[in-house]
Amino acid sequence: MYIMEGTMKKRLHKGRMQSVVKKVTAVILVSVLSLTSYRPALADTKQDLSNANDAKAAIEKKLQDVQNQLSQLNKDKKNIESYIKELDSNLASIDGDINSLGIQIEDKKNEITQAQEMLETVQQQSQEQYESMKLRIKYMYENGTDSSYLNMLITAQDMSDLLNKAEYINKITEYDRQMLDQYAATEQQIAETKELLEADLTSLEQMQVEVEGQKQALALIQSTKVNELQKLDNKSADAKAYQAQLEKDKKEQEAAILAMEAEIKRQEEEARRKAEEAKKNGTTPAVTVPTYDGGKFKWPTPSTRITSPYGDMEDRSSPHHGVDIGAKTRGVSGDPIYAAYDGTVTLATYSSSAGNWIWINHGNGLMTVYMHCSKLLVSEGTKVKKGDTIALMGTTGNSTGVHLHFGVRLNGKYVNPMSYFG
Ligand SMILES: [Zn+2]
């Protein structure tokens with residue numbers, strides 16, 4: 001438990017550091033955006049777009065980490081809570097033991113008191129018997145001739161001494177002897193019983209001390225666990241605050257990506273306007289701008305094996321924003337990747353998340369995205385026709401196997417690619 005806490009502390013600390021780095025990145029990105037009034041070159045905007053995409057992926061990765069951390073914290077909390085519950089029930093059962101020991105000790109003390117009273121009664125009866133016997137012996141002496149009776153009485157220290165003077169035993173009346181023997185036996189028996197009761201009492205009191213000790217130890221563990229639980233609650237609160245911050249950062253990055261795409265579109269509109277002006281003036285336009293005519297797409301690779309459909313939530317923190325298509329031969333790179341439609345390559349670069357990737361602008365706010373390629377065969381500005389081989393399939397970037405992630409963006413939003421095929 002403690003080792004785990006240490007690790008979590010480190011993780012949290014690392015998280016905070018990354019948060020700072022990411023905030024700095026966000027500030028830089030925002031600055032880049034505010035510089036759009038300088039009309040940066042289209043290529044720069046596209047590089048920013050790629051960077052913003054990476055930054056967003058990094059935030060998503062951190063979000064996943066913090067979610068794992070939260071679920072671990074919850075697991076730890078549940079463990080401690082169930083342990084505290086167990087301690088509670090142990091403490092309750094110890095309280096029961098202490099209570100029953102208290103009752104037993106009280107009973108034992110009463111029994112000892114009773115034994116003591118009985119002992120005193122028997123001793124008193126015995127003494128009375130002795131006194132009356134002495135009177136009888138005195139009478140025997142006064143009416144007889146043997147002085148040894150009186151001697152015996154004078155020299156005897158107590159009743160048992162008297163009884164032990166064997167030579168005189170037979171002189172005592174049979175009745176007295178029987179009574180004295182009986183009293184002595186009873187007294188001894190009661191004394192023995194009392195001794196046993198006292199021994200019982202001692203062991204009960206020892207048990208009481210032990211159980212009280214156990215109770216104190218358990219109460220100490222319990223307060224430690226309650227403390228630990230409090231610490232975990234604090235950590236959860238920290239992690240949740242961090243999670244909220246990451247969610248906010250992610251939204252900022254998404255906004256940054258949208259703004260950059262809008263900037264690309266604005267520049268294209270401007271080029272289109274210039275082309276129209278040139279047409280009007282009878283001059284040759286400097287640039288041609290693609291226009292999507294609504295035609296059907298070509299499937300972007302020979303394989304049709306879809307490994308993860310659009311909108312898929314399995315093992316993901318947000319819905320899948322494209323279609324994953326596996327290689328013709330599972331795990332083997334190099335399948336050709338085709339341009340899904342006529343257009344201009346807007347982006348052909350490497351990103352740590354998307355790997356080698358391509359964006360094709362088809363015009364009218366429609367773009368296709370091809371990720372994780374082993375090799376790119378086109379570059380930014382290349383005009384492509386539907387079906388042209390633009391790249392080879394691979395598993396570059398944040399990918400777990402050879403596949404093509406094919407995405408379609410319409411006006412800055414990912415849409416379901418399947419509706420563009422015939
Ligand atoms: Zn994918």
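**Strand 6 and Ala340: how do we know?**

Me: What makes strand 5 (residues 355-363) and strand 6 a pair in this predicted model?
Reply: They share 6 bridges, in the antiparallel sense. Two strands pair if DSSP finds at least two bridges between them, so these two count as paired. Across the pairing, Ile358 stands opposite Tyr370 in strand 6.

Me: And what sits between those two strands in the hairpin?
Reply: There are 2 residues between them, and Asn364 in this hairpin takes a positive phi near 55°.

Me: How do you know that strand 6 pairs with strand 10 (residues 403-410)?
Reply: Again, count the bridges: there are 6, antiparallel. The cut-off is at least two, so strand 6 and strand 10 pair. One example is Val369, whose bridge partner in strand 10 is Gly407.

Me: Why is strand 6 (residues 366-373) called mostly covered?
Reply: Well, 8 of its 8 residues are buried, where buried means under 20% relative accessible area.

Me: Let's move to Ala340. Where does Ala340 lie?
Reply: Look in the loop between strand 3 (336-338) and strand 4 (343-351).

Me: Is Ala340 buried or exposed, and how do you know?
Reply: Its relative accessible area is 0%. That is under the 20% cut-off, so Ala340 is called buried.

Me: Which residues does Ala340 touch, leaving out those up to four places away in sequence?
Reply: Phe297, Lys298, Thr368, Tyr370, Lys386 and Phe406. They count as contacts because heavy atoms come within 4.5 Å.

Me: How far apart are Ala340 and Lys296?
Reply: They are 44 residues apart in sequence, but 8.6 Å apart in space, C-alpha to C-alpha.

Definitions and conventions
Residues numbered from 1 in each chain as written. Predicted model: local features only at pLDDT ≥ 70, side-chain atom pairs only at ≥ 80, totals over all residues. Heavy atoms only, no water. Helix = DSSP H or I, 4+ residues; strand = E, 2+ residues; numbered from the N terminus. Buried < 20%, exposed > 50% of the residue type's maximum accessible area, 1.4 Å probe, protein only.
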